[in-house]
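Could you walk me through this model in the viewer, one selection at a time? I would like to know what to click next and what is there.

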Amino acid sequence: MSENATNTETESDDAIDRGEVFDLIIIGSGSGNSIPEYFDDWKIAIVERGVYGGTCLNVGCIPSKMFVLPADKAVDAQTSAKLNIDTQFNGADFAALRDRVFGRIDSISEGGRDYRANGSPNITLFEGTARFTGDKVFEVAMNDGTDLVTISASKVLIAAGARPVTPPIPGLVETGFHTSDTIMRLDALPDRLGIIGGGFIAVEMGHVFSGLGSKVTLMNRSEGVLRGFDHEISERFAEVFGERVDLRYGHVPTQVSRLDDGSIEIIVGGESVIVDELLVATGREPNSDLLEVRAGGLTCHDRGTIDVDDTMATNVEGVWAIGDIANNYQLKHLANAEAKVAFWNIAHSDQEPRRQSYKAVPSAVFSNPQVAHVGLTEQQAIDQGIPHKVGKRDYAGTAYGWALVDETSFAKVIVNTETGLIIGAHIIGPQAATLIQPIIQAMELDTPAATIAHDVFYIHPALTEVVENAILEAL
Ligand SMILES: Cc1cc2nc3c(=O)[nH]c(=O)nc-3n(C[C@H](O)[C@H](O)[C@H](O)COP(=O)(O)OP(=O)(O)OC[C@H]3O[C@@H](n4cnc5c(N)ncnc54)[C@H](O)[C@@H]3O)c2cc1C
Ligand SMILES: NC(=O)c1ccc[n+]([C@@H]2O[C@H](COP(=O)([O-])OP(=O)(O)OC[C@H]3O[C@@H](n4cnc5c(N)ncnc54)[C@H](O)[C@@H]3O)[C@@H](O)[C@H]2O)c1
């Protein structure tokens, strides 16, 4: 055991059953599973209630992007006439695609589980649902129905993530619906798919299913889709995406019911929408309630995320929290970064703690068109009274954009005119998630916009010239 880990037996309260005592308990096997090797001599418990490996691996980022790629190819095949080639999309073997994706993923999850259950001598895997019963004490309701197990530790890492919200729409629960947890496991492509929501999951899955051949109707509460994004981006996204998907805005569905022929009727904005399958993607709520974190003395924000500082420490000494249960971004690259910070600080309490930066947290929406963002929107810059200049470049204004025959994609960069630093960037179009990377670097490292525009090469005629030119326009 690391010299920094303390034995809880010394601090145990005789009145409380602390059960088996560990050096470290980790709740959740998603980002919580990335345990550095300097923990090899710690006695560790991992508690996982679901499929091993968490959201990103099993039902999130990875399978969804393995579906997005074939959908992108299908859309390309249907839109190639502008490139003077004659290609067709003749349909998808959805069951084979599903089996390929999950054949890969399920075995990785099983391998990860087996490694922790049988191949890691210092680790005990508890497969069940943990809840706090006291300070760093948990009761675990085992999935196999055996007795409740009590465990405790001197240090705890909470990485218990979030789960899909079920909106209170009359008839929804009785009718039955899919979430992102189940929609990718359908047996066949539905002829008609309804999607309630208009955020990341709605537009990514809307692209997947419409691209592969379903008729998709997306019903969003707000006026438009991707409303948290820069206005120009969300408006352009809706224009382009709306050519493939029936977008209904500004209403919460008021009734969902199952019809005699097995189809599903959704009443939205006073109109009837009839579909074969329904996906609900109206946000994800932190699992802090399942964990009964308040019984462990932890404080939470209104939305249920656990209060943490930038060292990932909670208000209770010896308890850290990371990922979707601790931040409102709900992004895997952030959960991974927070895990690194938390694990380091847990094992090195005698050193100055490492801190997570939130200066330039980027995100990308892997729909079609693709969208990427980092930093402030133009409206946020205005609202915050920051003196700024916006630079914008259409893909069509660069050589590679001509090759793509692109008419809808652009990059937008916002520079603080007092500091010369980039404060926001927004890209819509092919490879947006990759193109934004130099700007993430510049923002995180405080590299002036002029420096990254003038002092480095951008390969000609690559799409990165879009970013170079957008920055130049903002100087
Ligand atoms: C469809 C979809 C696509 C996504 N795509 C992207 C993407 O492209 N890029 C990106 O950055 N992010 C994406 N995300 C978000 C990303 O998946 C999450 O931000 C990330 O996985 C969160 O990791 P985590 O470790 O905090 O939680 P999780 O990976 O959710 O792990 C939490 C684990 O804790 C377990 N658990 C919960 N409560 C308890 C309890 N009481 N006892 C025991 N175990 C418990 C859960 O079963 C779960 O396995 C996507 C999410 C979804 C749903
Ligand atoms: N590419 C990625 O990084 C990626 C992909 C998927 C998910 N995620 C993460 O997962 C999180 C959850 O995704 P999400 O799409 O479920 O949530 P979201 O917060 O992105 O979007 C929720 C949407 O549901 C709408 N909504 C809420 N209640 C509604 C109702 N009753 N009727 C109709 N519409 C309603 C909202 O207007 C909003 O458009 C995201 O915040 C994101 O961080 C990330």
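A polar contact here means a pair of N or O atoms within 3.5 Å. Keep that cut-off in mind as you go, and remember that this is a predicted model.

Start with ligand 1 and select Lys332: a polar backbone atom of this residue is 2.8 Å from an oxygen atom of the ligand. Step back to Leu331, where a backbone N or O atom lies 3.2 Å from an oxygen atom of ligand 1. Now jump to Arg49; here too the backbone supplies the N or O atom, 3.2 Å from a nitrogen atom of ligand 1. With the ligand still on screen, consider its surface: taken alone, ligand 1 exposes 1,000 Å², and the protein buries 93% of that.

Next, widen the selection to the shell. Ligand 1 is surrounded by 34 residues, and the closest are Ser31, Glu48, Thr55, Lys65 and Lys332. Colour them by class and you should find 16 polar, 12 nonpolar and 6 charged residues. To see which elements give two or more residues to this shell, pick out strands β2 (44-48) and β3 (123-134), then helices α1 (54-58), α2 (61-78) and α7 (332-347).

For the last stop, centre on Thr55, one of the closest residues to ligand 1. Its side chain makes a polar contact of 3.3 Å with the side chain of Arg284. Follow that contact to Arg284 itself, in strand β14 (residues 284-286). Which side chain of opposite charge is nearest to Arg284? Select Asp181, 4.3 Å away: Arg284 is buried, yet has no salt bridge. The cut-off for a salt bridge is 4 Å.

Conventions. Residues are numbered from 1 along each chain as its sequence is written. Chains are lettered from A and ligands numbered from 1 in the order in which they are written. This is a predicted model: local features need pLDDT of at least 70, side-chain atom pairs count only at pLDDT 80 or more; totals for chains, interfaces and linings use all residues. Side-chain values use heavy atoms; hydrogens and water are left out. A residue is near a molecule or strand if one of its heavy atoms lies within 4 Å of it. A polar contact is a pair of N or O atoms within 3.5 Å; within protein, one must be able to donate a hydrogen and the other to accept it, and residues adjacent in sequence count only if both atoms are side-chain atoms. Accessible areas come from the Shrake-Rupley method with a 1.4 Å probe; for residues, only the protein chains shown count as cover. Helices (H or I, at least four residues) and strands (E, at least two) are DSSP runs, numbered from the N terminus. Ala, Val, Leu, Ile, Met, Phe, Trp, Tyr, Cys and Pro count as nonpolar, Asp, Glu, Lys and Arg as charged, and the others, Gly among them, as polar. Buried means under 20% relative accessible area, exposed over 50%, partly exposed in between (1.4 Å probe, protein chains only). Lys and Arg count as positive and Asp and Glu as negative; His and the chain ends are not counted.
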